[in-house]
Amino acid sequence: MSTRAPILRFAFFALVVAGGPALRAANFAVNNLEMVTHGSVDPSTNLFTAGTSLYYELEIKGGDKVSALLRLNFLNGDIESVLPPPGTLSTALSPQFETAAVTTKDIFNLPLDATYFVGYLDAFCSGDDFVTLFGTAPFATTLRGPMVYPNGIGNNPNRYWDGIAASDGTGFRLGTSPRLSSNFVSYLYMYQDSDIGPGSWSGDLRGLMNYERVKLEIFAGATATPGYSAGIYRSGLMFYAAPGEVGEFFAQVGVPHWDPLAGFSVNDIFFLFEPRMNFSFGSLALTVFYHPAWYRQQPTDESGALDTALDLRFGKIAQDGSQGGLQCLLEFRPLTTNTTLTPTLTALASPYYSIIGGGIEWDFKLALQLLPLPSAWYGIFQPFVGLQTSF
């Protein structure tokens, strides 16, 4: 964090300069606010306890021809554990730096945008950028993020699944302007890779294609870093198709980390497959997610892990303001992972109801743990109350 402090101060200055007189109209937004309370039984005491996870992202944008971006975020999987005593303050509750970026548009009078950034800039193949770039309706999978996987990756709650790869570090992004084409954007990234550390340099090439019925994103990248004489490579694609009113298909397939000298195995693959079926009063989605051995340049300790989810939904919250249904999740964690001593199979069935009111989406769920059976019978029940919104 200390190495980024001078650049962070520069980003604040750039925000003022880039915004100029228009800074008074700079956009301030809470991109995402999610708060989830889980109820469960503590196996060591057999007491029923509740824990609350909190995640939010703050974003400030300013400027027109030259624009600046500052993002902060906060994530804590057990917010009560860091609440300070009355009358005191806790730095553990402060948001942390995520991104500072300055973008110059139409450089050299060409339809090209150049961005200098530090921190986490873009997720690759998540599907979210189609919403901001092309104005499409959200279509990405919901089987991701800190609220779906509160234990994170490898039992690290600060790491969570979101796309196949990401640009995180200090460097430049050169991209074609959305004004050049209404259905295609491409980016070139060159940056010091913070996911590994100082002295590791990465480059990525990325393209997004948007059509009425089909959305496609592809990327490929490489990293030069000590310890890998042949380098590290990655690639992937995201594909979404909605050929008719009934069927949809979403997929993410890629290799987040490949060392040519170590060979190639199925554990190098990130694979998410999600067919969906819509009917007059709801929808049905089946998701299969195979976890890779590496993600964001670090081992996951989840090699060979497999999640299968089913979501039977009645109603459409975007149209009706409410929806309900049943979610089922089957998680397999093999013996090869470092987080388990024996293979485990977890099965959850969760009836739920969601409603939107006052710009807030409320989610109520009662998860039933079917496998493995808890020692106390009431440990089967795991109630869930969550909210999410943006401003």
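This is a short tour of a predicted model, one selection at a time.

**The whole chain**

Start with everything shown as a cartoon. The protein chain has 391 residues, and 45% of them are buried. Colour by secondary structure to find 4 helices and 20 strands. Now think about contacts between residues at least 6 apart in sequence: 53% of these join residues at least 24 apart. Switch to a surface view. The accessible surface is about 19600 Å², and carbon and sulfur atoms account for 65% of that.

**Strands β1, β2 and β20**

Select residues 27-42, which are strand β1, and residues 47-63, which are strand β2. These two strands run antiparallel and are joined by 15 bridges. To see one pairing, pick Glu34 and its bridge partner in β2, Tyr55. Then go to the hairpin of β1 and β2, where 4 residues lie between the strands. In this hairpin Asn46 has a positive phi near 60 degrees.

Add residues 381-389, strand β20, to the selection. β20 runs antiparallel to β1, with 6 bridges between them. Met35 and Leu387 are bridge partners here. Next, select Pro372, in the loop between β19 (360-371) and β20. The peptide bond leading from Leu371 to Pro372 is cis, with omega near -15 degrees. Most peptide bonds are trans.

**Strands β16, β17 and β18**

Select residues 306-314 for β16 and residues 322-333 for β17. They form an antiparallel pair with 9 bridges. Ala309 has Leu329 in β17 as its bridge partner. Now add residues 344-357, strand β18, which pairs with β17 in the antiparallel sense over 12 bridges. Look for Gly325, which stands opposite Tyr352 in β18.

**Two loop residues with positive phi**

Most residues other than glycine have a negative phi. Select Asp106, in the loop between β4 (96-104) and β5 (112-124). Its phi is positive, near 55 degrees. Asp106 has a relative accessible area of 24%, so it counts as partly exposed.

Move to Arg296, which lies in the loop between β14 (294-295) and β15 (298-299). Arg296 also has a positive phi, of about 50 degrees. Keep this residue selected for the next stop.

**Salt bridges**

Side chains of opposite charge can pair when their charged atoms come close. The structure holds 16 salt bridges. Show side chains as sticks to follow some of them.

Which residue forms a salt bridge with Arg296? Select Asp168: the closest N and O atoms of the pair are 3.1 Å apart. Arg296 is in the loop between β14 and β15 and Asp168 is in strand β6, so the pair ties together parts that are 128 residues apart in sequence. Arg296 is partly exposed at 21% relative accessibility, whereas Asp168, at 11%, is buried.

Next, select Arg144 and Asp162, whose closest N and O atoms are 2.7 Å apart in a salt bridge. Arg144 sits in the loop between α2 (129-134) and α3 (145-148), and Asp162 in the loop between α3 and β6 (165-176), so parts 18 residues apart in sequence are tied together. Arg144 is partly exposed, with 22% relative accessibility. Asp162 has a relative accessible area of 19%, so it falls under the 20% limit and counts as buried.

Then select Arg234 and Asp204, which form a salt bridge at 2.9 Å, N to O. Arg234 lies in strand β10 (residues 232-241) and Asp204 in strand β8 (residues 201-210), so this pair ties together parts that are 30 residues apart in sequence. Both residues are buried.

For a linked group, select Asp122, Asp129, Arg173, Arg206 and Glu217, which form a network of salt bridges.

**A buried charge without a salt bridge**

Select Asp193, in strand β7 (residues 184-193). Asp193 is buried but has no salt bridge. The nearest side chain of opposite charge belongs to Arg234, 4.7 Å away. That distance is beyond the 4 Å limit for a salt bridge. Beyond its neighbours within four places in sequence, Asp193 touches Asp168, Ser200, Ser202, Thr223 and Gln297.

**A nonpolar patch**

Finish on the surface. Select Ile218, Leu237, Val253, Phe271 and Phe273, which form a nonpolar patch with about 360 Å² of accessible area together. Phe273 is in strand β12 (residues 270-279). Its relative accessible area is 33%, so Phe273 is partly exposed.

Definitions and conventions: Residues numbered from 1 in each chain as written. Predicted model: local features only at pLDDT ≥ 70, side-chain atom pairs only at ≥ 80, totals over all residues. Heavy atoms only, no water. Patch = residues over 30% accessible without salt bridge, like charges linked within 9 Å, V, L, I, M, F, W, Y side chains within 5 Å. Areas by Shrake-Rupley, 256 points an atom, 1.4 Å probe, with all protein chains shown as cover. Buried < 20%, exposed > 50% of the residue type's maximum accessible area, 1.4 Å probe, protein only. Lys, Arg positive; Asp, Glu negative; His and termini not counted. Contact = heavy atoms within 4.5 Å. Pairing = 2+ DSSP bridges.
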